[in-house]
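Subject: Structure for your review

Dear colleague,

Please find below the structure that I am handing over to you. My findings follow it.

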Amino acid sequence: MQAAIFVLVVLVFVAVSGALVRLVRVPLPVLQIAIGAALAWPVRGIHVEIDPELFLLVFIPPLLFSDAFAAPKRELMALRGPILDLAIGLVFFTIVGFGYALHWLVPSIPLVVAFALAAVLSPTDAVAVSSIVDRNVVPARLMHILEGESLLNDASGLVMFRFAVAAALTGSFSFAAASLSFVYAVAVGILAGVAALFVAAKALQLLNRIGGVPAEAQVLITILLPFVAYLGAEHFGASGILAAVTAGLLTGSTGIFRFLGVSARMQTISLWTTFSFVFNGALFIVLGLQLPEIIRKVPPELSSRHWLLEPVLTVLLLTLCLVALRFLWIWIGDITAGFAARLGKRKAEPFGLRVRLAGSVAGVRGAITLAGILSLPLALQDGSPFPARDLVIFLAAGVIICSLVIASLALPVIARGLVEPGEDAAAAEERMARVGAAKAAIAHLESIAQTDEEEGDVPGLKLAAANGIVAAYRRRIAASDEADEARAEVREAGRLEIDLRLAGIAAERDALRAMLRRGEINDHTARALFTEITLTEALLNGRQTRK
């Protein structure tokens, strides 16, 4: 019962945070962490012990799958060079640089444990990045690189974290064995994601052939897909995170949705949108719930002189160290890419100083770091306590919060003015696609209207119906025309049409409610008709918003 009440409380405050974020000028993750900390801070507050493996299984696969599915695949493929450079190269650079810096700053932390903390701090959080980074102020190219990096560096960071922990437990480390294990974890993780996607596609194909299967059964398969990928990879000692990301990246391109019915597609999209919001919010609230207990146990190594000043200053210095290492790596990579472009006689696209700084500050840490550091063993193989365990957990939690706060405060200032005013490239591309699709539809409809009418058809009815549909397509093309006057006229006509149709829908809904009250229709009929009306209204509202 306590677990059920805890889940309900978290869900309630996830909903509350969605409303509060409109009233306070802080990013949603920071607000949710603050809510979690407030719930746990009082003497009789909520306290929950996190099982790191269960935490990773419940939250990470669906969130990373959702982010990978929504990621722009074309842009990620075009930017695969800098993405892989950050997702792999920067991880190793951070482990070495931050590990030595931490050992120098806090000598009580053994070097191998410092490397473990550096490894678990190296992944950026895809959820936090997308929540904090405003797409309207950050250049699209940088945003795509940050998204791709955060999807891939979880695997490399956590694999190296496991190697560092194993070295701390055994007292030995083999570079050759670690390299082979890393390649194995990545390769098998990718294969597990592909295999899970293949199994899901075959299951949906089978249900499609059977026919008459409830849409909910199809939707359930898509929900289970990231968990199957994750567990399959973990079973073989590979990266479950990379398996879930692989499944998400390939889901759209494999055409798996063609096996879903229309109802199942709509339910899947709606459900995953809700899942993403709920899991994101719950994740950060649970993270906030851990903070008071971690802060209460400030390690004596950091509180010998000043109980508050020394820990805060240490966390701030370590966070700035991560930002500096990231800036240095981006700067070196930018220079190298420009030099390679000149050698290949290609046009170089270097980042400016402010873009490099924005990319450095945007590398926030989040749930992966917390779950990884909490999985540190309690004791070594000889039974002695794991060295500096409480200290590195405290530092990891502090860096998570500090990186979120710094990004929230500094990124809007750094990124201001980086995006030139004008039409968004994505909007222009969407307008071009709408015109192309409408022209193709007009050509096909005109060819159908010109064919001979079939026996039993009302003379001229096919041509009249086609002309009415073609006229609607022509209005869509005119609305996307470059001429401002033509677009304004068509937009006004479209607005009036939408207003009238919405008024008609309101009358339909009132009539259905009256019939339901009088007992002329039953609940099932009313629910079906209300669903149709709601979907139509949603489409019209979407068109109205875009206009």
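Which element gives the largest share of the nonpolar patch? The answer is helix α13, with 5 residues. Before the details, please note that this is a predicted model.

The patch lies on the surface and is formed by W104, L105, L309, L313, L316, L317 and L320. Together these residues have about 690 Å² of accessible area. Two or more residues of the patch come from each of α5 (80-105) and α13 (309-343). L309, a member of the patch, lies in helix α13. Its relative accessibility is 53%, and L309 therefore counts as exposed, the cut-off being over 50%.

Overall composition

The protein chain has 20 helices and 0 strands. It comprises 547 residues, of which 42% count as buried. The chain exposes about 29,000 Å², and carbon and sulfur atoms supply 66% of that area. If one takes the contacts between residues at least 6 apart in sequence, 78% of them join residues at least 24 apart.

Salt bridges

How many salt bridges does a search of the whole structure find? It finds 4, and three of them are described here, beginning with R326 and E149.

In the pair of R326 and E149, the closest N and O atoms are 2.6 Å apart. This pair links distant parts of the chain, since R326 belongs to helix α13 and E149 to helix α8 (residues 140-170), 177 residues apart. Are R326 and E149 buried or exposed? R326 has a relative accessibility of 2% and so counts as buried. E149, at 1% relative accessibility, is likewise counted as buried. The cut-off for this class is under 20% relative accessible area.

R162 forms a salt bridge with E234, and here the closest N and O atoms are 3.5 Å apart. This pair also links distant parts of the chain: R162 is in helix α8 and E234 in helix α10 (residues 215-235), with their positions 72 residues apart in sequence. R162 counts as partly exposed because its relative accessibility is 41%. E234 is partly exposed as well, with a relative accessible area of 27%.

The salt bridge between R513 and D510 has its closest N and O atoms 3.9 Å apart. Both residues lie in helix α19 (residues 484-518), 3 residues apart, which is about one turn of the helix. An α-helix has 3.6 residues a turn, so residues three or four places apart point the same way. R513 is partly exposed at 42% relative accessibility, and D510 is partly exposed with a relative accessible area of 46%.

Helix geometry

Helix α1 (residues 2-20) has 19 residues. From its first C-alpha to its last it reaches 26 Å, close to the 27 Å expected at 1.5 Å a residue. Its buried residues are V10, V14 and S17. Why can these be said to line one face of the helix? Seen down the axis of α1, the buried residues fall within an arc of 65°, so they line one face.

Helix α9 (residues 175-210) has 36 residues, which should span 52 Å at 1.5 Å a residue. The end C-alpha atoms of α9 are 52 Å apart, in agreement with that expectation. Just after α9, G211 takes a positive phi of about 80°.

A388 also has a positive phi, of about 60°, although it is not a glycine. This residue is found in the loop between α15 and α16 (389-415).

A buried threonine

T369 has its place in helix α15 (residues 367-374). With a relative accessibility of 0%, T369 counts as buried. Which residues does T369 touch, not counting residues up to four places away in sequence? They are V120, L121, P123, A396 and I400.

To recapitulate, the chain has 20 helices and 0 strands, a nonpolar surface patch to which α13 gives the largest share, and 4 salt bridges. Of the pairs described above, R326 and E149 join helices α13 and α8, while R513 and D510 both lie in α19.

Yours sincerely

Terms used: Residues are numbered from 1 along each chain as its sequence is written. This is a predicted model: local features need pLDDT of at least 70, side-chain atom pairs count only at pLDDT 80 or more; totals for chains, interfaces and linings use all residues. Side-chain values use heavy atoms; hydrogens and water are left out. Patches are made of residues with over 30% relative accessible area and no salt bridge: like charges are joined within 9 Å, nonpolar side chains (Val, Leu, Ile, Met, Phe, Trp, Tyr) within 5 Å. Accessible areas come from the Shrake-Rupley method with a 1.4 Å probe; for residues, only the protein chains shown count as cover. A salt bridge is a side-chain nitrogen of Lys or Arg within 4 Å of a carboxyl oxygen of Asp or Glu. Helices (H or I, at least four residues) and strands (E, at least two) are DSSP runs, numbered from the N terminus. Buried means under 20% relative accessible area, exposed over 50%, partly exposed in between (1.4 Å probe, protein chains only). Contact means heavy atoms within 4.5 Å. The expected span of a helix is 1.5 Å times one less than its number of residues. The arc is that of the directions from the helix axis to the C-beta atoms.
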